[in-house]
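I opened a fresh page for this one and wrote things down in the order I looked them up. Here are my entries, for anyone who wants to follow along.

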Amino acid sequence: MVIGGGYAGLSCALALARGGASVIVADSEMAGFGGSSRNGGQANGGWNMIDLAAPDQGAMRARVESGLESQGHFEELLAREGLYDCYEPVGKFVAAYVPRHYDTLRRKAEWASANGYLDAEEVAPENVHEEVGTEFYHGGVRFSRGGLVQPARLHAGLLARVAAAGATVASPVRIDGFRRVPGGYSVETTAGDIRCNNLVVTTNGYTGSATPDLQRRVVPVASYIIATEPLADEVVDALIPRRRAVSDTARVLTYFRLSPDHRRMVFGGRASFASVSPEEGATGLHRMMTERFPHLRDVRVTHGWKGNVAFARDRLPHMGEADGLHWALCCNGSGVVMMTYLGAKIAQRILDRPNAPVCAFDGTGSANQAFPAIPLYNGRPWFLPVIGLSYRLRDFVDRLQSAR
Ligand SMILES: Cc1cc2nc3c(=O)[nH]c(=O)nc-3n(C[C@H](O)[C@H](O)[C@H](O)COP(=O)(O)OP(=O)(O)OC[C@H]3O[C@@H](n4cnc5c(N)ncnc54)[C@H](O)[C@@H]3O)c2cc1C
């Protein structure tokens, strides 16, 4: 049984059903209610795992390799399932918020290219307009791997494939708890108790009290998105000329793209670290968008929404198993490709019973050390407003210093 009907749950269920297992996916809301229908559509795996300051460079390389594998898995899945038309393989531009970040990006790009991981290319400050129509950024890095998806179309496509493969998707059905019974689990749901051999938790930013031990390891953080009214062709063409996925390196980061019909700006970010309404979030995002693109000041915002991502203490994704309980959690803001991959990896673990970890994010065997709990935390992220304030302050100081 799979708890959560997002990309991770569906990708796990699809692989399990295709492998001959009997599967139920339960979602407490409509399947797709979580991040998987409302995300920014940036589909990139690998780059964000590069950390040249990581104490264990070998482990870091393994994470980059699993990250790149997740990208390959994603593209193969879309092609195999006839879903490739949800995807534009336009690549990515990462924009430097301050000059110091440009140096870090350049070093990461050099490392990625030298090691044959990604064909990443630096974009000098004077050439940023090739990628984004603003003077705001201090250079950046581009690469052609990855791109953009239409999130809800992808989710709907996966849902249809899961049903066609013979799995049952039960929603709205909430899991309230479970207990170990011989050979598996008895799961308490709003539709009655269900027995299963394996229980898979893919609740990411919506992880709750039904899985208290995991809840203590997962910090939900709200992310907000706005979309503008349709823009004139010449405005759109200058805004993101190569139509790539774009994100920046601010601590309170923003990410943006053109809508799939290439007529609107779709702009996302952590507008607030307290969980505010989409309307309040939209006000903050509008400010962030017009800071970067002052010429959009008079453009109307027609849509705004929010959803939860999930962070781990070590800011890494995690999967694992203990006693027939499996999990794939903590996208850390980038889960379109990663959570889809981890869901499939859990299915591999259930079907093939491998002895070794199935990827660099698999903590099976040493799960409690590998997936750290957070001290003084039981699921209510009381510390986020403080972290948010400190991020804003440090971003502000960084920009001030770089303006001198
Ligand atoms: C606004 C926003 C923008 C984002 N932008 C990007 C992006 O551009 N690129 C990127 O890579 N990632 C992005 N993400 C992250 C990405 O969307 C997620 O990582 C991904 O969708 C997670 O998939 P999932 O299946 O793990 O979880 P989700 O899709 O969040 O699904 C979890 C599900 O679990 C269900 N659930 C929870 N508790 C229970 C229970 N007790 N019983 C039954 N069901 C339960 C919930 O209802 C929910 O549907 C964004 C997320 C948000 C919110």
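**Entry: Glu188 and its strand**

I started with Glu188, which counts as partly exposed at 42% relative accessibility. Glu188 sits in strand β11. I keep in mind throughout that this is a predicted model. I also took one long-range distance from here: the C-alpha atoms of Glu188 and Ala274 are separated by 32 Å. Along the chain, these two residues are 86 residues apart.

**Entry: Thr189**

I stayed in strand β11, residues 184-189, and looked up Thr189, which belongs to that strand. Is Thr189 buried or exposed? I found a relative accessible area of 8% for Thr189, so it is buried, the cut-off being under 20%.

Next I asked what the side chain of Thr189 reaches. I noted the backbone nitrogen of Ala191 at 2.9 Å. The side chain of Thr189 also reaches the backbone oxygen of Gly192, at 2.6 Å.

**Entry: Ser259**

I then turned to Ser259, in the loop between β16 (254-258) and β17 (265-269). Ser259 has 6% relative accessibility and counts as buried. A polar atom of the Ser259 side chain lies 3.4 Å from the backbone nitrogen of Arg263.

**Entry: salt bridges**

How many salt bridges does the structure hold? I read off 26 salt bridges. As a reminder to myself, side chains of opposite charge can pair when their charged atoms come close.

I picked Glu122 and Arg106, whose side chains meet in a salt bridge at 3.3 Å, N to O. This pair links distant parts of the chain, 16 residues apart. Glu122 is in strand β6 (residues 121-123), while Arg106 is in helix α4 (residues 99-114). I checked how open each partner is. Glu122 is partly exposed, with a relative accessible area of 35%, and Arg106 is partly exposed too, at 30% relative accessibility.

My next stop was helix α8 (residues 278-292), which holds both Arg287 and Glu291. They are four residues apart, about one turn of the helix. Arg287 and Glu291 form a salt bridge, and their closest N and O atoms are 3.6 Å apart. I looked up their accessibility as well: Arg287 is partly exposed with a relative accessible area of 43%, and Glu291 is partly exposed at 40%.

Glu291 has another partner in my notes, since I also found a salt bridge between Glu291 and Arg292. Here the closest N and O atoms are 3.3 Å apart. Which is Arg292, buried or exposed? At 2% relative accessibility, Arg292 counts as buried, whereas Glu291 is partly exposed.

I also came across a network of salt bridges that links Glu121, Glu130, Glu131, Arg142, Arg242 and Arg244.

**Entry: the ligand**

I moved on to the ligand and its surroundings. There are 37 residues around the ligand, and Asp27, Ser36, Gly40, Gln42 and Val336 come nearest. Which helices and strands each supply at least two residues of this shell? I listed the helices α1 (7-18), α2 (35-38) and α9 (336-352), along with the strands β14 (219-228) and β18 (301-311). By residue type, the shell divides into 14 nonpolar, 19 polar and four charged residues.

I then looked for backbone atoms close to oxygen atoms of the ligand, and wrote down three cases:

- A backbone N or O atom of Gly335 lies 3.0 Å from a ligand oxygen atom.
- For a backbone N or O atom of Tyr7, the distance to a ligand oxygen atom is 3.1 Å.
- For Gly34, a backbone N or O atom lies 3.3 Å from an oxygen atom of the ligand.

How much of the ligand does the protein bury? Taken alone, the ligand exposes 1000 Å², and the protein buries 96% of that.

**Entry: a nonpolar patch**

My last look-up was on the surface. Which residues make the nonpolar surface patch of about 310 Å²? I found that Met30, Phe33 and Tyr206 make it. I followed up on Tyr206, which is in the loop between β13 (199-201) and α6 (212-215). Tyr206 is partly exposed, with a relative accessible area of 33%. That value matters for my bookkeeping because patches are made of residues with over 30% relative accessible area, and Tyr206 has 33%.

How values were computed: Residues numbered from 1 in each chain as written. Predicted model: local features only at pLDDT ≥ 70, side-chain atom pairs only at ≥ 80, totals over all residues. Heavy atoms only, no water. Patch = residues over 30% accessible without salt bridge, like charges linked within 9 Å, V, L, I, M, F, W, Y side chains within 5 Å. Areas by Shrake-Rupley, 256 points an atom, 1.4 Å probe, with all protein chains shown as cover. Salt bridge = Lys/Arg side-chain N within 4 Å of Asp/Glu carboxyl O. Buried < 20%, exposed > 50% of the residue type's maximum accessible area, 1.4 Å probe, protein only. Near = heavy atom within 4 Å. Polar contact = N/O pair within 3.5 Å; in protein donor to acceptor, adjacent residues only side chain to side chain. Nonpolar A, V, L, I, M, F, W, Y, C, P; charged D, E, K, R; others polar.
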